[in-house]
Each structure stands twice: as C-alpha cells, then as structure tokens.
Amino acid sequence: MVVWLCGAGHGMAQSKLNVLCGVDEAWCVTMQKAFESKMGVEISVVRKSTGEILDQIRAERAHPTIDVWWGGTGDTHLQASSEGLLEEYHPANPNDLLPWAQNFYAMSGSRSAGIYAGALGFAYNTELLAEAGLPAPTCWKDLAKDIYRGHIQSGNPNSSGTAFTLLATLVQLFGEDEAFSFMAKLDRNVVAYTKAGSAPVKAAARGDVLIGISFMHDAVTQKIEGFPLAIVAPCEGTGYEIGAASIIKGAANLALARAFVDYALSPEGQATGFSAGQNQVPSNAKASLPLTAPDISMIKMVDYDFATFGLPEERSRLLARFDNEIHPTQ
C-alpha cells in the first residue's frame, strides 16, 4: 500500500480531494491531518450526519462535488450503492480485512468497504439517576416506562444513521408492528430527536438529559473523558453498525480517492480513530484494537440484516412510517 500511496500522490498536489465525513468531528480532523501529511496534499473534509450525506450525494448525482464518503452507517452506503451512486473500488490488501468487513464489501457489489464496527446501546448519567432516585434501566423496554418521562434523547432516523440503526434493530428484535408500538411509548419519554447520532450520549454526559441512545463506543469516549456515564448493552439484544467508506460515482479525483480509502483501511489509517479518542472496532486484522473498545463478542446481538435495511425502498418505507406515527422533532 505504501508503494501505491506514493505513486498515487505523485503529480496530485494540485488536485484537491473533497471528503464528506460521517464519524465524530475529532476523528474527521485527525484523519484529514494524517492523510495530508502522508500524501503531501491538501484535502477538504466536511463533517455531516449520514442521512445528510446521502441526500447531498443524491442531489448532486449529475454533477458530483464530493469524491469520498468516509464513515457513517453501512446500510446507507449500501443504499447508495443500489442507487448507482458509488464507484467500484478494490482494496489494496483485501485479505487483511476481518470476515465481517469482507462480507460487507461483497454485499455492496465491490462499491463500499467496511472500516469499523460498533454496537448500539444507551448510557445514563449516574449522578442524575441518583438525584432523581430512579432505577437503572437495563433493557430497551425499560426506556418506555413512565418514570423516564422527559429524560431521554435519541437521534432522528431521517438524518442520523445511528437512529436508523436503532429503528432497524427494534424491527428485527420485536417485529415491525410491536417495534412501532414500543417507539410510540418511547416517544412520550423523548425530550428531543437530534440530527447527529452521537449527540444524545454527549447530552447525557453533560447532564443535559438523563439517558442518551447512541452507539456504545460514543459513550465510552465520553466516559474516558471523565463524565459520569454508565453504558448499557440492552438485555433483549441489540444491533450494530459497520461504518463504511465509499468513492462517489463520477468523482473528479478518482486516483486520490482510491488512495484515501486504501489509507482508511490500513492499520495506520485506522489508528487515527484511537488517536482521536474513538473506540470503534477496526476492520483491518492487523490494526490494534483500542483497549477501551466495547467487547462485541460479549454483547447479545441481533443477526443484523444489512441487505434488507440497505434497500432504498425499505429505508424509505420505514422512515415514512416513523414520520407518520412518531412525528419526530429536532
């Protein structure tokens, strides 16, 4: 890969790569600096929520301004692939990827690569819980109890990939009708639906709300920083994300885009996540696993159906039902 990176960098200094980033802002910045230093080029990296990225790529289909979509939940990348929005891509070292990443790549039709994995859950502020004299929630269905009225934040699945993973997870756990019945009860306890999926757990860390629903690695990051959070893997089981990287169909800087994704999949590139305080599980078998990353093998998981929930029609149908029955506000 080093040979490829050096070769790709030659003669590219005047070609600016445009990246939309779906991970935490700190990782976006760290990755940008690392790649710029590695390649000797200047690139543009803009952070947006996953749903916003998909909307922009769709809107710019005829005249794309973005070269790479890096990060964000994999089902949205699969949806973009099925809509013909992504360029075919072949990893520099495919055998270095863990089996779940290889499966995801095959599922995408060789158009999207898995770069990390993370389990969904929630976290509560232990100090606020003690002050309120409330029992600690341990299950998804606990969150629908009246005692947590006005104490919860969750993402809006229209903009947040995290929140769409929650929606798809509940449907797979409980069945669609029961899942929507549960979400209607949960809605009475939700004080706000946020645009970004990590925002709820950050609000819980600050003490703005008692409980935040997010990926568990986002909660770990906040806890490491000293915030009083308890992190919960729900008793019924939970879903997970495969965060992905994709090259946009019609990318103006195709060679440099391929170099960026190769770097994102390399041990060096994946180490930028831990450097930025992130705790996802990297997809490269040769990358070091952050010691503070949640142990996915110890968490009860659903057999998440990426193929079904990555379909445009299924995503659109579920979002329409969510909007009609739950009426989220931001």
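Trainee: In which helix is the place of Asp218?

Mentor: Asp218 sits in helix α10, residues 216-224, where helices (H or I, at least four residues) and strands (E, at least two) are DSSP runs numbered from the N terminus. Please keep in mind that this is a predicted model, in which local features need pLDDT of at least 70 and side-chain atom pairs count only at pLDDT 80 or more, while totals for chains, interfaces and linings use all residues. Residues are numbered from 1 along each chain as its sequence is written, and side-chain values use heavy atoms, with hydrogens and water left out.

Trainee: How should I read a salt bridge, and how many salt bridges does the count come to?

Mentor: Side chains of opposite charge can pair when their charged atoms come close. The rule used here asks for a side-chain nitrogen of Lys or Arg within 4 Å of a carboxyl oxygen of Asp or Glu, and by this rule the count comes to 16 salt bridges. One of them joins Glu83 and Arg58, with N to O at 2.8 Å; this pair links distant parts of the chain, since Glu83 lies in the loop between α4 (74-82) and α5 (99-107) and Arg58 in helix α3 (residues 50-59), 25 residues apart.

Trainee: Are the residues Glu83 and Arg58 buried or exposed, or something in between?

Mentor: Buried means under 20% relative accessible area, exposed over 50%, and partly exposed in between, using a 1.4 Å probe and protein chains only. Glu83 therefore counts as buried at 19%, whereas Arg58, at 32%, is partly exposed.

Trainee: Which residues are linked in a network of salt bridges?

Mentor: The network links Glu176, Asp177, Glu314, Arg317, Arg321 and Glu325. Within the network, Arg321 and Glu176 form a salt bridge whose closest N and O atoms are 2.8 Å apart, and this pair connects helix α14 (residues 312-326) with helix α8 (residues 176-187), the two residues being 145 residues apart.

Trainee: Which side chain of opposite charge is nearest to Asp218?

Mentor: For such a search, Lys and Arg count as positive and Asp and Glu as negative, while His and the chain ends are not counted. The nearest one is Lys202, 6.7 Å away, and Asp218 is buried yet has no salt bridge. Leaving aside residues up to four places away in sequence, Asp218 touches Ser198, Val201 and Gln278, where contact means heavy atoms within 4.5 Å.

Trainee: What is a cavity, and how much space lies in the largest cavity?

Mentor: On a 1 Å grid over the protein atoms alone, a cavity is a set of points where a 1.4 Å probe fits but cannot get out, and lining residues have an atom within 4 Å of a point. Grid points are joined across faces, edges and corners, and a volume is the space filled by probe spheres set on the points. The largest cavity holds about 200 Å³, and of the 19 residues that line it, the closest to its centre are Gly22, Val23, Arg47, Thr162 and Asp218.

Trainee: How do the residues of its lining divide by class?

Mentor: Ala, Val, Leu, Ile, Met, Phe, Trp, Tyr, Cys and Pro count as nonpolar, Asp, Glu, Lys and Arg as charged, and the others, Gly among them, as polar. The lining of the largest cavity has three nonpolar, twelve polar and four charged residues. The second largest cavity, of about 80 Å³, has eight nonpolar, two polar and no charged residues in its lining, and α7 (161-174) gives the most to this second lining, with three residues.

How values were computed
On a 1 Å grid over the protein atoms alone, a cavity is a set of points where a 1.4 Å probe fits but cannot get out, and a pocket is an open set with protein on both sides within 12 Å along at least five of seven lines; lining residues have an atom within 4 Å of a point.
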